[in-house]
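Below are some notes for a colleague who is meeting this structure for the first time. They are set out as numbered points, to be read with the sequence and the model at hand.

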Amino acid sequence: MRTWANWIDQNVNLTKTTVFFRSISPEHKGQNGCYNKTQPITDMSYVTHFSESLTKIVDRTLSKMRVPVRYLNITKLSQHRVDAHPSAYAKKKGQELIKRKLKPPQSISDCSHWCLPGMPDTWNRLLYASLLLDHPIDSPSLSHLVS
């Protein structure tokens, strides 16, 4: 983080560039693993556990930077979407692993990647909205983004 922050502070031209930093997306394991899940987690007290030191490092680094950084914190937004992973639909050599019955389905569930469309589209919409906050839609610098 420090190397990244130093590079940004030394090389970014604030008149031409906005810097964004997206937080980590949660991986669902254990009791709230993603295998065979079709609904989001509705228990609002559910929290994905990340190293507190990792969170503090990000916060501390961003707060000390000369260049302002837009922090897109997608962790909380994404932690309840246990249903948005490819889960057991992973393929190897064109065949779904579940159908090949090589391993128990729970052991091959992909709970770290996200399905498209889905959560990554939501993250992209947040990025787009953040861009619009700085540059209204009639701004020539963003006119190419409007279809």
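1. A good place to begin is the largest nonpolar core of this predicted model, which has 10 residues: Ala5, Ile8, Val12, Val19, Phe21, Val58, Leu62, Met65, Val67 and Val69. The elements that contribute two or more residues to this core are H1, S1 and helix H2, the last of these spanning 52–64. As a general background, nonpolar side chains in soluble globular proteins tend to be buried together.

2. One member of the core, Ile8, deserves a separate look: once its neighbours within four places in sequence are left aside, Ile8 is in contact with Val19, Met65, Arg66 and Val67. Of these partners, Val19, Met65 and Val67 also belong to the core.

3. How many aromatic pairs does a search of the whole structure find? The search gives 2. In one of them, Trp4 and Phe21 are tilted with respect to each other, with 5.3 Å from centre to centre and 55° between the planes. This pair links distant parts of the chain, since Trp4 is in helix H1 and Phe21 is in strand S1, 17 residues apart.

4. Phe21 also pairs with Tyr71, and because the ring centres are 6.0 Å apart and the planes stand at 40°, this pair is likewise described as tilted. Phe21 lies in strand S1 whereas Tyr71 lies in strand S2 (residues 69–72), so the pair ties together parts that are 50 residues apart in sequence. Taken together, Trp4, Phe21 and Tyr71 form one aromatic cluster.

5. Are the members of this cluster buried or exposed? Phe21 is buried, with a relative accessible area of 17%, while Trp4 is partly exposed at 28% and Tyr71 is partly exposed at 31%.

6. Just before strand S1 (19–22), Thr18 is found in the loop between H1 and that strand, and Thr18 is partly exposed, with a relative accessible area of 33%. Thr18 and Val69 are 51 residues apart in sequence, yet their C-alpha atoms are 7.2 Å apart in space.

7. A further aromatic ring is involved in an arrangement with a charged residue: Arg22 lies over the face of Trp123, at 4.6 Å from the ring centre.

8. On confidence, the mean pLDDT of the chain is 76, and 67% of its residues reach 70 or more. Among the elements of the chain, helix H1 (residues 2–11) has the highest mean pLDDT, 96, and helix H4 (residues 97–100) has the lowest, 54.

Key:
Residues numbered from 1 in each chain as written. Predicted model: local features only at pLDDT ≥ 70, side-chain atom pairs only at ≥ 80, totals over all residues. Heavy atoms only, no water. pLDDT = per-residue confidence, 0-100. Helix = DSSP H or I, 4+ residues; strand = E, 2+ residues; numbered from the N terminus. Buried < 20%, exposed > 50% of the residue type's maximum accessible area, 1.4 Å probe, protein only. Core = buried A, V, L, I, M, F, W, Y, C linked by side-chain atoms within 4.5 Å. Contact = heavy atoms within 4.5 Å. Phe/Tyr/Trp six-rings, centres within 6.5 Å; stacked < 30°, edge-to-face > 60°. Lys NZ or Arg CZ within 6 Å of the ring centre and 35° of its normal.
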